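Let's take a walk through a protein model together. Have the 3D view open and turn it as you read.

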Amino acid sequence: MHNLTDLTEKQISRRSIHKGSVVETVVDEIILPNGKSAKREVILHAGGIVIVPITKEGHFVLVEQYRYPIETLLLEFPAGRLNPGEDPLKAAYRELAEETGYRAASIEPLGFIYTAPGFCSEKLYMYVAKGLEEGEQNPDEDEFVKPVLMSKEELAQKIKNFEIHDAKTLAAWSLVGGQ
């Protein structure tokens, strides 16, 4: 067993393997806390936002969306990527309107999560949106989402029945609805 007071790993070098429009994959050479060297494969991501929209009637607004990497439809809270330098709160207002058509009177922060800190830098800022007014959906050109309204009880039952598999939705629910 190691008896170390500083658990920090320090980067020596970085080599980019792939740079795409969403992520960049790098291999870092690092120094471990015990002084030995190691490699870390890291996916760099600009981060994103998750919104828990709650209607005036107390319904939650989710979106149904096909997720290509896992080849299935998921039911999830609206979410989206941050544009470079974009304020997360402004992104929350933007994504809510784009994906659901709803506009919020107020959006309040819930905190943030790291989605897969063992290999990815993605940080998701989580918000709750209230005072919703219906409007026109305006998704990105390559985004196909269907808004779904659910009562708190319906959503809680779907989670209890293991019908919700999206980690960001489950994390946001634990901060807002699952109390």
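What follows is a short tour, from the overall layout to the core, the rings, the pockets and two odd loop residues.

**The overall layout**

First things first: this is a predicted model. The chain has 179 residues, and 38% of them count as buried. You'll find 3 helices and 10 strands in it. Starting at the N terminus, the order of elements is β-β-β-β-β-β-β-α-β-β-β-α-α. If you put a box around the C-alpha atoms along the principal axes, that box would be roughly 60 × 35 × 30 Å.

**Into the core**

Which residues of the largest nonpolar core touch the most other members? They are V50, V52, F60, L62, F77 and L155, out of 19 residues in that core. Several elements chip in with at least two residues each: the strands β4 (48-53), β5 (60-67) and β9 (123-133), plus the helices α2 (152-160) and α3 (167-175). There is also a second core, separate from this one, with 13 residues. Among its members are I51, L82, Y102 and A129.

**Rings that meet**

Now look for the aromatic side chains. A pair of aromatic rings is described by the distance of the centres and the angle of the planes. This structure holds 4 aromatic pairs, and here are two of them.

| Pair | Centre to centre | Angle between planes | Type |
|---|---|---|---|
| F60 and W173 | 5.4 Å | 65 degrees | edge-to-face |
| F112 and Y125 | 6.3 Å | 50 degrees | tilted |

Why does the pair of F60 and W173 tie together parts that are 113 residues apart in sequence? It does so because F60 lies in strand β5, while W173 lies in helix α3. Both of these residues are buried. F60 and W173 also belong to one aromatic cluster, together with F77. You've met F60 and F77 already, as two of the core residues that touch the most other members.

The other pair in the table links parts that are 13 residues apart in sequence, because F112 sits in strand β8 (residues 103-114) and Y125 in strand β9. Are F112 and Y125 buried, partly exposed or exposed? The cut-offs help here: under 20% relative accessible area is buried and over 50% is exposed, with partly exposed in between. F112 has a relative accessible area of 45%, so it is partly exposed. Y125 comes in at 24%, so it counts as partly exposed too. F112 has another neighbour to look for: K123 lies over the face of its ring, at 4.0 Å from the ring centre.

**Two pockets**

Next, the empty spaces. Rolling a probe the size of a water molecule over the atoms shows where empty space is left. The largest pocket has a volume of about 1,100 Å³. Its lining is made up of 34 residues, and V22, H45, Q65, R67 and R81 are the ones nearest the centre. By class, that lining splits into 14 nonpolar, 7 polar and 13 charged residues.

Which element gives the most to the lining of the largest pocket? That would be α1, with 4 residues. The elements that supply at least two residues each are β3 (37-45), β4, β5, β6 (72-76), β7 (79-81) and α1 (88-100).

The second largest pocket has a volume of about 180 Å³. It is lined by 13 residues, with S21, V22, A46, L82 and P84 closest to its centre. The elements giving two or more residues to this lining are β2 (23-31) and β3. By class, you get 6 nonpolar, 4 polar and 3 charged residues. Try finding V22 in your view: it is listed nearest the centre for the largest pocket and also among the closest for the second largest. L82 is worth a click as well, being part of the second core and also close to the centre of the second largest pocket.

**Two loop residues with a positive phi**

Last stop: the backbone. E71 has a positive phi of about 55 degrees, although it isn't a glycine. You'll find E71 in the loop between β5 and β6. With a relative accessibility of 58%, E71 is over the 50% cut-off, so it counts as exposed.

F162 also has a positive phi without being a glycine, at about 60 degrees. Its place is in the loop between α2 and α3. F162 counts as exposed, because its relative accessibility is 67%.

Terms used
Residues numbered from 1 in each chain as written. Predicted model: local features only at pLDDT ≥ 70, side-chain atom pairs only at ≥ 80, totals over all residues. Heavy atoms only, no water. Core = buried A, V, L, I, M, F, W, Y, C linked by side-chain atoms within 4.5 Å. Buried < 20%, exposed > 50% of the residue type's maximum accessible area, 1.4 Å probe, protein only. Phe/Tyr/Trp six-rings, centres within 6.5 Å; stacked < 30°, edge-to-face > 60°. Lys NZ or Arg CZ within 6 Å of the ring centre and 35° of its normal. 1 Å grid on protein atoms, 1.4 Å probe; cavity = no way out; pocket = protein on both sides within 12 Å on 5 of 7 lines; lining within 4 Å. Points joined across faces, edges and corners; volume = space filled by probe spheres on them. Nonpolar A, V, L, I, M, F, W, Y, C, P; charged D, E, K, R; others polar.
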